Amino acid sequence: MRTAYRVETVRAAEAELMARLPEGTLMQRAAAGLAAACCSLLGKGRVYGARVVLLVGSGDNGGDALYAGARLARRGAGVTAVLLGARAHEGGLAALRRAGGRVVGAHDDPYDALAAADLVMDGITGIGGQGGLRPDAVPVARAARGSDAVVVAVDLPSGVDADTGEVAGEALRADATITFGTYKPGLLVDPAREYAGALRLVDIGLGATLPSVPDLEALQHEDVARRLPVPGAESDKYRRGVVGIVAGSARYPGAAVLAVSGALRGGAGAVRYVGPAGDAVIAAHPETLIHSGPPEQAGRVQAWVAGPGLGEGPGVAVALAQILATDVPVLIDADGLRALTPAAVRGRSAPTLLTPHAGEAAALLGVPREEVEAGRLSAVRELATRYGATVLLKGSTTLVCGPGATGPVRVNPTGTSWLATAGSGDVLSGLAGALLASGLPPLDALSVGAYLHGLAARRASGSGSPVAASDVAEGLAGAWRDVVG
């Protein structure tokens, strides 16, 4: 599991550890890891004679860059530090000068050095920075990004919010970010994630001083493999889980087909489909149990999925009310979200799962879509709190948050822009519903489903070719194999 912690938590953990160590130990550990990472980015045998520019702010982030620059200078790199703050870390500055590094101010025209640089270290602001780059740093940051150099962010790209992933002003986009001690939420959540580039974590010994419960977590292959339902010797279709799907309409029969596809390939023992697209569903998946409705007469299920392609007819609210009145978990997506109220969800005794994209989330919260996209973490937490539901917020970063936002938010690491295609969300709904019916808790059903969904899209896209939602559904079997080996 990849975990991330807020700035306040990281600072407290650092303070506790520093109290037990000689002064400066943590900074030296960070600088050593940063220098080693920069050496590997420059390439074997290319450190000697390499031209390195350090963009140095006033805080410890700048100190990390200066000490790392000193290490590179001792290995034969030509290192120039550009001081962008009112002051610079004295110890780091002295170390760089002793190693033969050059120090200039922003007013000393650093642009020739940037234009010739092989690597630029972004140490302008650290995890405490907020509100984007200061105006005086913007021209230098733009010159760094416009050069041919590899840009390496020190702990966090300057100008992004470490806790939320928001980018409120101009920020410096990195090719790689070397972060210390633990990941920060902003490194895993868009829009900031797009500024971070490739991530590398340097262990500085914080593990024992960090809380056991993180603020953010991202499943990895082994985490997903442990959670996947596997039939036992005594399993039958009912024990494996029966998922009911209310989806599709005369206008959107394909939504029903795709949701059923996701459920069948998500390991459901059986799928009960309820709706007007039965002919299309049975033609694509003859194993589906078809019922014309209403849902309350369709038979016993372990979980319901409702919403994909339902449209806006008068029967939508009736079907949704019947499903919400059941005592099994209910996943609501797409058109089903339009007829939803917080009271209808909070009054249930069984779990409810919501899977909106940014536009649907904005409608549920009564805010502009741009506000949701700029602040994904706050949006998913607010939805989970307001509705008392487990919420999956789709988008460039898919986030999953449990009811009341009391535990870690899960971020999906397998997403790809190829999932931005009609119907891919329907496949995810069916897949997550099947996992829910198999007995997975809501948080696991959504986060494992999103993980497999992303892997399937990556497999289907191959070397970058476009994919359709049906391709994603077909790729789920391969994604499952990738995880379990």
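Colleague: Why are helix 11 and helix 18 called oblique to each other?

Modeller: In this predicted model, the axes of helix 11 and helix 18 cross at roughly 40 degrees, and angles under 35 degrees count as roughly parallel while 65 to 115 count as roughly perpendicular. The crossing falls in neither class, and the two helices are therefore oblique to each other. Their axes come within 6 Å, and the crossing is right-handed.

Colleague: What makes the meeting of helix 11 and helix 18 a contact, and which residues meet?

Modeller: Contact means heavy atoms within 4.5 Å, and on that basis A255, L258, A259, G262 and A263 in helix 11 meet D426, V427, G430, L431 and A434 in helix 18. By class, this contact has seven nonpolar, two polar and one charged residues.

Colleague: How do you know which helix supplies the largest share of the lining of the largest pocket?

Modeller: Helix 18 does so with four residues, while the helices that each supply at least two include helix 11 (253-264) and helix 19 (442-461). The pocket has a volume of about 890 Å³, and of the 37 residues that line it, H357, K394, L419, S424 and G425 are the closest to its centre. The lining divides into 10 nonpolar, 16 polar and 11 charged residues.

Colleague: Which residues are the closest to the centre of the second largest pocket, and which helices each supply at least two residues of its lining?

Modeller: That pocket has a volume of about 540 Å³, and E14, M18, M27, D60 and D64 are the closest to its centre, of the 25 residues that line it. Helix 1 (7-18), helix 2 (25-42) and helix 3 (60-74) each supply at least two.

Technical notes. Residues are numbered from 1 along each chain as its sequence is written. This is a predicted model: local features need pLDDT of at least 70, side-chain atom pairs count only at pLDDT 80 or more; totals for chains, interfaces and linings use all residues. Side-chain values use heavy atoms; hydrogens and water are left out. On a 1 Å grid over the protein atoms alone, a cavity is a set of points where a 1.4 Å probe fits but cannot get out, and a pocket is an open set with protein on both sides within 12 Å along at least five of seven lines; lining residues have an atom within 4 Å of a point. Grid points are joined across faces, edges and corners, and a volume is the space filled by probe spheres set on the points. Ala, Val, Leu, Ile, Met, Phe, Trp, Tyr, Cys and Pro count as nonpolar, Asp, Glu, Lys and Arg as charged, and the others, Gly among them, as polar. Axes are lines fitted to C-alpha atoms, for helices over the stretch in contact, and angles run from 0 to 180 degrees between N-to-C directions. Angles under 35 degrees count as roughly parallel, over 145 as roughly antiparallel, 65 to 115 as roughly perpendicular and the rest as oblique. A crossing is left-handed if the near helix is turned anticlockwise from the far one by less than a right angle, and right-handed if clockwise.
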